[in-house]
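User: Please take a close look at one part of this model, the aromatic cluster. Then follow the strands around it outward.

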Amino acid sequence: MKQYLAIAFLAALAATQADAKSFRDMFGADVPEGKYGAVLKTLDFQQGAIKLSGANATLNVSDQFYYLNQQDTRKVLVQLWGNPDSAAGNTFGMIFPAKYSPIDPRSWGAVIDYDGSGHVSDDDAASTDYTALLKQIQDGIQESNPEREKAGYDPITLVGWAEPPHYDKATHALHWARDLIFGKDPNGAHTLNYSVRVLGREGVTELDFVAGLEQLPEINAAIPSVINTVQYDSGKRYADFVNGDKIAAYSMAGMIAAGAGVKIAAKLGFLAVVLGFFKSFGVALLALKKGLIVVVAGVLAAGRKVLGLFRRNKNTDA
């Protein structure tokens, strides 16, 4: 009897583990020729259950998506998309839509991270004036632009919400999107910054999308599936909170301000957010694409500024 139970347990375990596929398995074609082919051959395109041990959660990746682990994500961001190695950071990986390879010009992905600063109250989700918050963030970014330019980076204009902040109380997920222009041309290309925060008992799973503004409808359609991909462990879900648990020192508005960069959060008075990011990561990410950019917010760390970019090198499109 014990033997049968052991076999049943192992079968169930195998069924829930991630299924790693080759490029051909995933896309039904050989790896393209060229300098990026060698990198694509090394990637493990994973589907199924992906354990995020540092977040007390599992990514249940359906056949609509695939997951790349931390090492493979770095290969995509650095070797395929042309980012400096220092900008890739220590992420939990990325998820991508299954219909696009990483070098497809239509591809997009979500960088996954986790902030374990504590339980975030959703009490202010309905009462926050997101129009006023937008104006504060716009002003903060404008004030920071001279420093960005001195560091050799383009100034940023936050045009407005591409998608106003929305909190789904059923899934305990906050998501919002910004419409941004990089550079001094007011008629320049618009870039999307779409962020999702899935709340848990002890922290927040962060998904920052690397995408173009023209892909907003596709990402909007995928958001429910992406949110449902994140499943916290039993006892670690948002609803499992009990009095006495550690409480995060920031609110919903604080998370949105932090998404614009810790320096912007500091300007808006979210000191606790700034201290939390110094403690946990040292930097905050804005995930953007197509040239455009994931901004690693400028912060002072050990007396010097840490500033980096994610960009999509169009030469990788195939």
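Analyst: Start in helix H2 (residues 23-27). Phe23 and Phe27 both lie in this helix, four residues apart, which is about one turn. The model is predicted, and side-chain atom pairs count only at pLDDT 80 or more.

Take the burial of the two rings in turn. Phe23 has 7% relative accessibility, so Phe23 counts as buried. Phe27 has a relative accessible area of 21%, so Phe27 is partly exposed. The cut-off matters here: buried means under 20%.

Next comes the second ring pair, Phe45 with Tyr66. Their ring centres are 5.2 Å apart and their planes stand at 80°, so this pair is edge-to-face. Phe45 sits in strand E2 and Tyr66 in strand E4 (residues 65-68), 21 residues apart, and the pair links distant parts of the chain. Phe45 is buried, at 0% relative accessibility. Tyr66 is also buried, at 0% relative accessibility.

Now the wider aromatic picture. Ring pairs join Phe23, Phe27, Phe45, Tyr66 and Phe96 into a cluster. The count of aromatic pairs in the model comes to eight. Within H2, the ring centres of Phe23 and Phe27 are 4.9 Å apart with planes at 50°, so that pair is tilted.

Phe45 leads into the strands. E2 (residues 45-52) runs antiparallel to E3, and five bridges join them. Leu52 stands opposite Ala57 of E3. The hairpin of E2 and E3 has four residues between the strands, and Asn56 takes a positive phi there, near 50°.

E3 also has a partner in E11. Three bridges join E3 to strand E11 (residues 230-232), and the two run antiparallel. Thr58 has Gln231 of E11 as its bridge partner. Four of the five residues of E3 (residues 57-61) are buried, so this strand is largely enclosed by the rest of the structure.

E11 leads on to a pocket. The second largest pocket has a volume of about 190 Å³. Strand E9 (190-199), helix H7 (216-229) and E11 are the elements that give two or more residues to its lining. The largest share, three residues, comes from E11. Among the lining residues are Val230, Gln231 and Tyr232. Gln231 is thus a lining residue as well as the bridge partner of Thr58. Others in the lining include Thr171, His172, Val198, Leu199, Ile227 and Asn228. Arg237, Tyr238 and Ala239 also line this pocket. By class, the lining has seven nonpolar, four polar and one charged residues.

Helix H4 (residues 70-80) is the next element to take up. At its start, a side-chain oxygen of Asn69 reaches to within 3.2 Å of the backbone nitrogen of Gln71. The buried residues of H4 are Asp72, Thr73, Val76, Leu77, Val78 and Leu80. After H4 comes Gly82, with a positive phi near 80°.

Then turn to E5 and E6. Strand E5 (residues 94-97) runs antiparallel to E6, and two bridges join them. Met94 stands opposite Val111 of E6.

How is E6 buried, on one face or on both? In a regular strand the side chains alternate between the two faces of the sheet. In E6, both faces are covered. Gly109, Val111, Asp113 and Asp115 are buried on one side. Ala110, Ile112 and Tyr114 are buried on the other. Seven of the seven residues of E6 (residues 109-115) are buried, so the strand is largely enclosed by the rest of the structure.

E6 has a further partner in E10. Seven bridges pair E6 with strand E10 (residues 204-212) in the antiparallel sense. Tyr114 has Thr205 of E10 as its bridge partner.

E10 also holds Asp208. Asp208 has 5% relative accessibility, so Asp208 counts as buried. Its side chain makes a polar contact of 3.3 Å with the side chain of Arg197.

To retrace the path: Phe45 belongs to the aromatic cluster and lies in E2. E2 is joined to E3 by five bridges, and E3 to E11 by three. E11 in turn gives three residues to the lining of the second largest pocket. Along the other route, E5 is joined to E6, and E6 pairs with E10. That strand carries Asp208, whose side chain contacts Arg197.

Notes
Residues are numbered from 1 along each chain as its sequence is written. This is a predicted model: local features need pLDDT of at least 70, side-chain atom pairs count only at pLDDT 80 or more; totals for chains, interfaces and linings use all residues. Side-chain values use heavy atoms; hydrogens and water are left out. Buried means under 20% relative accessible area, exposed over 50%, partly exposed in between (1.4 Å probe, protein chains only). Two strands pair if DSSP finds at least two bridges between them. A polar contact is a pair of N or O atoms within 3.5 Å; within protein, one must be able to donate a hydrogen and the other to accept it, and residues adjacent in sequence count only if both atoms are side-chain atoms. On a 1 Å grid over the protein atoms alone, a cavity is a set of points where a 1.4 Å probe fits but cannot get out, and a pocket is an open set with protein on both sides within 12 Å along at least five of seven lines; lining residues have an atom within 4 Å of a point. Grid points are joined across faces, edges and corners, and a volume is the space filled by probe spheres set on the points. Ala, Val, Leu, Ile, Met, Phe, Trp, Tyr, Cys and Pro count as nonpolar, Asp, Glu, Lys and Arg as charged, and the others, Gly among them, as polar. Rings of Phe, Tyr and Trp (its six-membered ring) pair if their centres lie within 6.5 Å; planes under 30 degrees apart count as stacked, over 60 as edge-to-face and the rest as tilted.
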